[in-house]
Amino acid sequence: MPRRRIGFWYRLAAVICKPPLVVLLRRDWRGIEHIPAEGGFITAVNHNSHIDPFAYAHFQYNTGRVPRFLAKSGLFKKGFVGAAMRGTGQIPVYRESTDALSAFRAAIDAVDRGECVAFYPEGTLTRDPAGWPMTGKTGAARVALQTKCPVIPVAQWGCNELLPPYAKKPHLLPRKTHRVLAGPPVDLTRFYDREMTAELLKEATEVIMAAITRQLEEIRGEKAPETPYDPRRERIEQRRRTQAQTGIQRGGQQAASPVQSAQTAQSAQPAQEEGLGK
């Protein structure tokens, strides 16, 4: 299937966004040969800065296969931003949908049309303290198994040094380098033509996230933790720690009450004796 034309709106976005990106970031982009020349496919990308979607889109734009990002449906209704989202072919996600697969119907249709759909499987900025990819959500795996399209794992690093996660001010100097490494397609064939259970999707997602992490290990020249950071597990542990701390504090207060009573009685005893003496 031939490549889709880039179109007016994507070219306009490139004119607006590329100059500041070129000024702010050096580029070390590798693995472009793994981006399919034609046909629909998915890229699965790690997310560690609020500006890395723009930098990654710059990389993908230069391959000639522009990405279609998934974004909240509400953004498509807001003036110029909405017009740009629609014009560049971004994909609305209707979060109010009760059917998880139907929420990604537009992504499936885009892949079937021969588009590149870019997923951030983590769903949000990584919360791993060292910036490694977290556990992923199953959306990319759902679309991949439904369409049997190639899934290209992509790791990026450097935007987080320019604007760290949740930071309000960028670190402009020294000039940072945006490093991207796209890998060969993830082998998901063993998951094809099987019932799409929660366990199957979780396992396929873990395979995708492991491939992204391996790419990032090569970029950073170090090993990632054996167990990915899991926000849900961390919330549970934090809740347990909070409950335990609350229990300790309450227990301490209860244990202190008899001591406080004894101290009060001791302080009152001299006064009583003085009264009797009078």
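Over which residues does pLDDT stay under 50? The stretch is residues 264-278. For these residues the model has zero contacts beyond four places in sequence. The model is predicted, and the protein chain averages a pLDDT of 87. A score of at least 70 is reached by 85% of the residues.

The protein chain holds eight helices and seven strands. Of its 278 residues, 42% count as buried. Contacts between residues at least 6 apart in sequence were also sorted by separation. Among them, 74% join residues at least 24 apart.

The seven strands form an open sheet with mixed pairing. Their order is 1-7-6-2-5-3-4. Strand 1 (25-30) and strand 4 (91-93) are the edge strands, and each pairs on one side only. On average, neighbouring strands of this sheet are turned by 25° against each other, direction ignored. Strand 6 (residues 151-157) and strand 7 (residues 176-182) run antiparallel. Four bridges join strand 6 to strand 7. Within strand 7, L181 stands opposite A155.

Two helices can be placed against these strands. Helix 1 (residues 8-24) packs on the sheet. Helix 1 touches strand 1, strand 3 (67-72) and strand 7. The direction of helix 1 makes about 110° with that of strand 1. Helix 2 runs at about 50° to strand 1. Helix 2 lies across strand 1, strand 2, strand 3, strand 5 (116-119), strand 6 and strand 7.

The loop between strand 2 (41-45) and helix 2 (52-62) contains N48. N48 counts as buried because its relative accessibility is 2%, where the cut-off is under 20%. The side chain of N48 reaches the backbone oxygen of Q156 at 3.4 Å. Q156 also appears in the contact list of N48. Leaving out residues up to four places away in sequence, N48 touches L125, T126, Q156, W157, N160, L163 and P165.

Charged side chains were examined next. The count comes to eleven salt bridges. One of them links D28 and R30, with an N to O distance of 3.8 Å. D28 has 28% relative accessibility, so D28 counts as partly exposed. R30, at 33% relative accessibility, also counts as partly exposed.

A salt bridge also forms between E217 and K223, where the closest N and O atoms are 3.6 Å apart. Here the two partners fall into separate accessibility classes. E217 counts as buried because its relative accessibility is 15%. K223 counts as exposed because its relative accessibility is 64%, with the cut-off for exposed set at over 50%.

The side chains of R233 and D230 meet in a salt bridge at 3.7 Å, N to O. R233 has 38% relative accessibility and therefore counts as partly exposed. Salt bridges that share partners join D28, R30, R179 and E218 into one network.

Methods
Residues are numbered from 1 along each chain as its sequence is written. This is a predicted model: local features need pLDDT of at least 70, side-chain atom pairs count only at pLDDT 80 or more; totals for chains, interfaces and linings use all residues. Side-chain values use heavy atoms; hydrogens and water are left out. pLDDT is the predictor's confidence in each residue, from 0 to 100. Contact means heavy atoms within 4.5 Å. Buried means under 20% relative accessible area, exposed over 50%, partly exposed in between (1.4 Å probe, protein chains only). A polar contact is a pair of N or O atoms within 3.5 Å; within protein, one must be able to donate a hydrogen and the other to accept it, and residues adjacent in sequence count only if both atoms are side-chain atoms. A salt bridge is a side-chain nitrogen of Lys or Arg within 4 Å of a carboxyl oxygen of Asp or Glu. Two strands pair if DSSP finds at least two bridges between them. Axes are lines fitted to C-alpha atoms, for helices over the stretch in contact, and angles run from 0 to 180 degrees between N-to-C directions.
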